[in-house]
Structures are given as C-alpha cells and as structure tokens.
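Dear colleague,

Please find below the structure that I am handing over to you, together with its sequence. I would be grateful if you could keep it open while reading the notes that come after it.

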Amino acid sequence: MSEESSGKPPAPDLPKYLREPLEKQSPERLETVATYAQELAEWKRQERQDELERRRAEEEVDEEQLAELEDQEVSTDPTDYDDVPASGAYITVKTTKQTDQKEYRYYYWQWREGDSWKNEYIAPVNPQE
C-alpha cells in the first residue's frame, strides 16, 4: 500500500535522519515538535533581522558621506543599479587593501540575500587617488 493511498501525507524534502525519527513519534509529540519548530523558525528570522539592523547601524555611511557621493555625481539611489535591490540595501565603505602608506577605500552597496551578504561596487572614497 503506497503512502498516497493510505492517507499518509507525502514526506517533505528532509534528510532521512530527520524524517525517519519523526515518523515514529506519537501525534502529541509531533504537535510539540511542530510548535517548537515554528517558534524556532520565528526566533531565527528575528535574529537574522536583528543582525541586519545591527550591522547596518555599524556600517551604513552617514549623511555627510552621502552628500560627498552626490557631489561626485554618483547616484545613491539603489534603483539606478542593476543588481541592487530597491529595499534593504545600504551604502557602506570597505577597505580592500591597506599598506603603511595608503588605504584603498571604496563605497559599496550592501544587502542581505538569504543567508549571505551581497555587495556591489559604487565608487572610490577619494576619486582623485
């Protein structure tokens, strides 16, 4: 008798080491696991959002730096860039190389995409260098 004809729900795309132990649990235990999994997922989403906000507060350029970019005629509108999302992206300064004599600093768009961070180059901090 197949799972479909028995009324058993189709198995989700989970690793066997997670799926098989769940199939052996009582309905009550499964409800407890489901509640915990939902609460854990919500907590993880909130942790990700808190990390995004913390990182943004630490790294986002200030109004003076945005004005400097505009003085250089560099757009600070994310919609002017092909790969930058219209919301959630912010401008940051990254140091790509540092020697005893010089720091190589550049403006980048930065945003979160899933579990990773994405960046897109904008312009050098000091264009005359």
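The notes below begin with the chain as a whole and then turn to single residues.

Please bear in mind that this is a predicted model.

The overall form

The secondary structure of the chain consists of 4 helices and 3 strands. Read from the N terminus, the order of these elements is α-α-α-α-β-β-β. The chain is more spread out than a compact globule, because its radius of gyration is 24 Å, well over the 14 Å that the globule rule gives for 129 residues. The C-alpha trace spans about 75 × 30 × 25 Å along its principal axes.

Of the 129 residues, 16% count as buried. The chain exposes about 9900 Å², and carbon and sulfur atoms supply 46% of that area. Among the contacts with a separation of 6 or more, 41% come from residues 24 or more positions apart. As for charge, the chain carries 17 positive and 33 negative charges, and the mean positions of these two groups are 10 Å apart.

Two buried residues in the strands

Gln 110 is found in strand 2, which covers residues 103–113. Is the residue Gln 110 buried or exposed? Gln 110 has a relative accessible area of 1%, and since the cut-off for buried is under 20%, this residue counts as buried. Its side chain makes two polar contacts with other side chains: one with Glu 59 at 2.7 Å, and one with Lys 94 at 2.8 Å. Leaving out residues up to four places away in sequence, Gln 110 touches a number of others, including Arg 55, Tyr 90, Thr 92 and Trp 117.

Thr 92 belongs to strand 1, residues 90–98. Thr 92 is also buried, with a relative accessible area of 1%. A polar atom of the Thr 92 side chain lies 3.0 Å from the backbone oxygen of Glu 59. Glu 59 therefore takes part in both settings, through its side chain with Gln 110 and through its backbone oxygen with Thr 92. With residues up to four places away set aside, Thr 92 touches Glu 59, Val 61, Tyr 106, Tyr 107, Tyr 108 and Gln 110.

The two ends of helix 4

Which residue caps the N-terminal end of helix 4? The cap of this helix, residues 63–71, is Asp 62, with a side-chain oxygen 3.2 Å from the backbone nitrogen of Glu 64. Just after helix 4 comes Glu 73, which takes a positive phi of about 65 degrees although Glu 73 is not a glycine. Glu 73 lies in the loop between helix 4 and strand 1. With a relative accessible area of 76%, Glu 73 is exposed.

A residue in helix 2

Leu 22 lies in helix 2, which covers residues 16–23. This leucine is partly exposed, with a relative accessible area of 29%. Apart from neighbours within four places in sequence, Leu 22 is in contact with Leu 14, Leu 30 and Val 33. How far apart in space are Leu 22 and Glu 70? From C-alpha to C-alpha, Leu 22 and Glu 70 are 57 Å apart, and their positions lie 48 residues apart in sequence numbering.

Yours sincerely,
A colleague

How values were computed. Residues are numbered from 1 along each chain as its sequence is written. This is a predicted model: local features need pLDDT of at least 70, side-chain atom pairs count only at pLDDT 80 or more; totals for chains, interfaces and linings use all residues. Side-chain values use heavy atoms; hydrogens and water are left out. The radius of gyration is taken over C-alpha atoms; the globule rule is 2.2 Å times the number of residues to the power 0.38. Buried means under 20% relative accessible area, exposed over 50%, partly exposed in between (1.4 Å probe, protein chains only). Contact means heavy atoms within 4.5 Å. Accessible areas come from the Shrake-Rupley method with a 1.4 Å probe; for residues, only the protein chains shown count as cover. Lys and Arg count as positive and Asp and Glu as negative; His and the chain ends are not counted. The place of a charge is taken as NZ of Lys, CZ of Arg, CG of Asp or CD of Glu. A polar contact is a pair of N or O atoms within 3.5 Å; within protein, one must be able to donate a hydrogen and the other to accept it, and residues adjacent in sequence count only if both atoms are side-chain atoms.
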